[in-house]
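Grab a coffee and have a go at these exercises before you peek at the worked solutions. Keep the viewer open while you work.

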Amino acid sequence: PGGRTCPAVMTLTDGDVVNILRGMADVVQASDFNSWRRSFVLEHVDEFDYGDENKLTYTAVHEKYVEGVEARLAKALPPGLTMDDFAPAVQLHIEAKGESESGEAIRLLLEAGDFRQFKEMMLFEKDQLSKESAPADHLAHAKGGTVPQVEFMLGLCAQLQNAADTSVGWVNVITNEWMSIDKKPVEPERRTSASEIYLRGVWTLKLSFVEACDMMFSFDERRPAWDANSKGFEHVRGNPETDDDFVISALLDMGALMHMAGVPRKLTSRCIFQWDVPSAGSVTYAIAPWNAKTDTYESNSILQLKVGTISPHPTDAQRCIMTTLETNRLGGMPKWMLGGLLSYTAPQLMRGLEQRYVKNAREKGITVDRTRCAR
């Protein structure tokens with residue numbers, strides 16, 4: 001666009017809009033923009049916490065961020081055209097061509113103005129910064145097909161499915177009518193930092209056992225119907241349809257803000273399933289971050305090792321019980337703060353996934369029986 005003058009907003013052609021957006025995309029991808037964004041995050045990230053309350057300071061920081069983004073993108077505008085002038089032409093372009101043809105620049109503009117997405121980005125950055133200061137994961141050099149920690153966590157999660165056996169040492173963090181989350185220090189011989197803890201979640205899902213397994217374990221073209229971030233899968237090793245131990249890469253679209261914060265567009269995981277464990281008609285699973293090239297545990301992934309058990313509800317065939325177990329380094333966080341973090345993230349993610357599955361899979365009759373329990 002450079003120094004050429006631009007026609008009046010109402011006479012901008014699609015070609016004009018596309019050229020300007022391309023110029024904005026160049027701005028976004030330049031090191032100057034990324035340096036500014038990183039500096040902004042580091043300056044303000046400590047002002048955000050994991051509670052439900054949206055403080056007035058959050059709004060002020062968000063407005064400052066939007067102003068900064070718009071000021072930098074405006075450098076791609078031709079002389080005489082302002083962002084306010086350009087906005088109507090962009091809207092017409094989106095309506096005619098769709099957002100997918102508008103490039104990362106317009107997605108950044110749209111998402112930067114969304115307070116919820118901005119807050120999620122800042123909390124993600126906060127979490128990543130805490131991980132950067134933590135010691136290296138003890139699984140970093142685990143080789144080959146079997147990782148001892150994966151096996152240990154699978155066994156422990158299967159045991160935890162029986163709540164009566166798990167009262168010693170566990171402290172409840174949050175409980176409501178459909179979920180309970182407890183914490184417990186990791187054993188000294190297994191921990192990688194003094195603050196490492198287990199987090200155990202017990203969820204009552206309004207899904208049958210078959211539906212819950214389909215929602216959690218389907219890696220096919222149907223998944224985007226209930227998982228808005230899913231954009232497909234690449235099979236790395238094994239077949240999810242027939243194998244109980246396989247490696248798969250998930251293609252993701254988490255939004256421009258989250259990808260700029262460092263969330264990759266592809267994550268690779270090793271998935272292990274143990275059917276009829278800990279009891280007939282149940283399944284225990286592990287999903288571990290994996291390096292496809294070396295076939296080893298990926299310690300630098302944003303993913304963490306997660307294990308879980310899904311079992312039919314004892315009295316209601318239309319419900320099931322899911323027990324989840326993971327470790328993190330939040331043990332030094334006060335209980336009220338940890339509760340705020342978990343009440344903000346976990347319920348939103350799981351409840352949203354469940355509701356979209358009901359609407360877009362159950363009600364449309366596209367549920368697939370993925371279970372391989374003995375019949």
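**Exercise 1.** Is Arg 351 buried or exposed, and what is its relative accessible area? Then find its charged partner and say how the two sit in the helix.

*Solution.* Bear in mind that this is a predicted model.
- Step 1: Arg 351 has a relative accessible area of 15%. The cut-off for buried is under 20%, so Arg 351 counts as buried.
- Step 2: Now look for the partner. Arg 351 makes a salt bridge with Glu 354, with 2.9 Å between the closest N and O atoms.
- Step 3: Check the partner too. Glu 354 is buried, at 3% relative accessible area.
- Step 4: Both residues belong to helix 10 and are three residues apart, which means about one helical turn separates them.

**Exercise 2.** Which parts of the chain does the salt bridge between Asp 220 and Arg 370 tie together?

*Solution.*
- Step 1: Start with the pair itself: the side chains of Asp 220 and Arg 370 meet at 2.3 Å, N to O.
- Step 2: Place each end. Asp 220 sits in the loop between helix 8 and strand 4 (230-237), and Arg 370 in the segment after helix 10. The bridge therefore ties together parts 150 residues apart in sequence.
- Step 3: Check the surroundings: both Asp 220 and Arg 370 are buried.
- Step 4: Zoom out a little. Asp 220 and Arg 370 belong to a network of salt bridges that also links Asp 214, Arg 222 and Glu 241. The structure holds 17 salt bridges.

**Exercise 3.** In which strands do Asp 245 and Arg 270 lie, and how does accessibility class each of them?

*Solution.*
- Step 1: The side chains of Asp 245 and Arg 270 form a salt bridge, 2.7 Å from N to O.
- Step 2: Asp 245 is in strand 5 and Arg 270 in strand 6, so the bridge joins parts that are 25 residues apart in sequence.
- Step 3: Asp 245, at 30% relative accessibility, is partly exposed, whereas Arg 270, at 4%, is buried.

**Exercise 4.** Which residues have the most contacts inside the largest nonpolar core?

*Solution.*
- Step 1: The largest nonpolar core has 37 residues, and Leu 205, Met 215, Phe 217 and Ile 310 have the most contacts inside it.
- Step 2: See where the core comes from. Elements that each supply at least two residues include strand 3 (197-205), helix 8 (209-217) and helix 10 (335-362). Helix 8 gives the largest share, six residues.
- Step 3: Follow one residue. Setting aside neighbours within four places in sequence, the contacts of Met 215 include Leu 205, Trp 226, Met 350 and Tyr 357.
- Step 4: Another core lies apart from this one; it has 33 residues, including Leu 12, Ile 20, Phe 48 and Met 83.

**Exercise 5.** Which residues of helix 2 are buried, and what arc do they fall within?

*Solution.*
- Step 1: Test the length. Helix 2 (residues 31-44) has 14 residues, which at 1.5 Å a residue should span 20 Å; the end C-alpha atoms are 20 Å apart, so the two agree.
- Step 2: List the buried residues: Phe 33, Trp 36, Arg 37, Phe 40, Val 41 and His 44.
- Step 3: Look down the axis. The buried residues of helix 2 fall within an arc of 135°, so they line one face.
- Step 4: Turn to the other side of helix 2, where Ser 31, Asp 32 and Glu 43 are exposed.

**Exercise 6.** How many disulfides does the structure hold?

*Solution.*
- Step 1: The count is zero.
- Step 2: Look at two cysteines anyway: Cys 213 is buried at 0% relative accessible area, and Cys 271 is buried at 2%.

Key
Residues are numbered from 1 along each chain as its sequence is written. This is a predicted model: local features need pLDDT of at least 70, side-chain atom pairs count only at pLDDT 80 or more; totals for chains, interfaces and linings use all residues. Side-chain values use heavy atoms; hydrogens and water are left out. A disulfide is a pair of cysteine sulfur atoms within 2.5 Å. Buried means under 20% relative accessible area, exposed over 50%, partly exposed in between (1.4 Å probe, protein chains only). A nonpolar core is a set of buried Ala, Val, Leu, Ile, Met, Phe, Trp, Tyr and Cys residues joined through side-chain atoms within 4.5 Å. Helices (H or I, at least four residues) and strands (E, at least two) are DSSP runs, numbered from the N terminus. Contact means heavy atoms within 4.5 Å. The expected span of a helix is 1.5 Å times one less than its number of residues. The arc is that of the directions from the helix axis to the C-beta atoms. A salt bridge is a side-chain nitrogen of Lys or Arg within 4 Å of a carboxyl oxygen of Asp or Glu.
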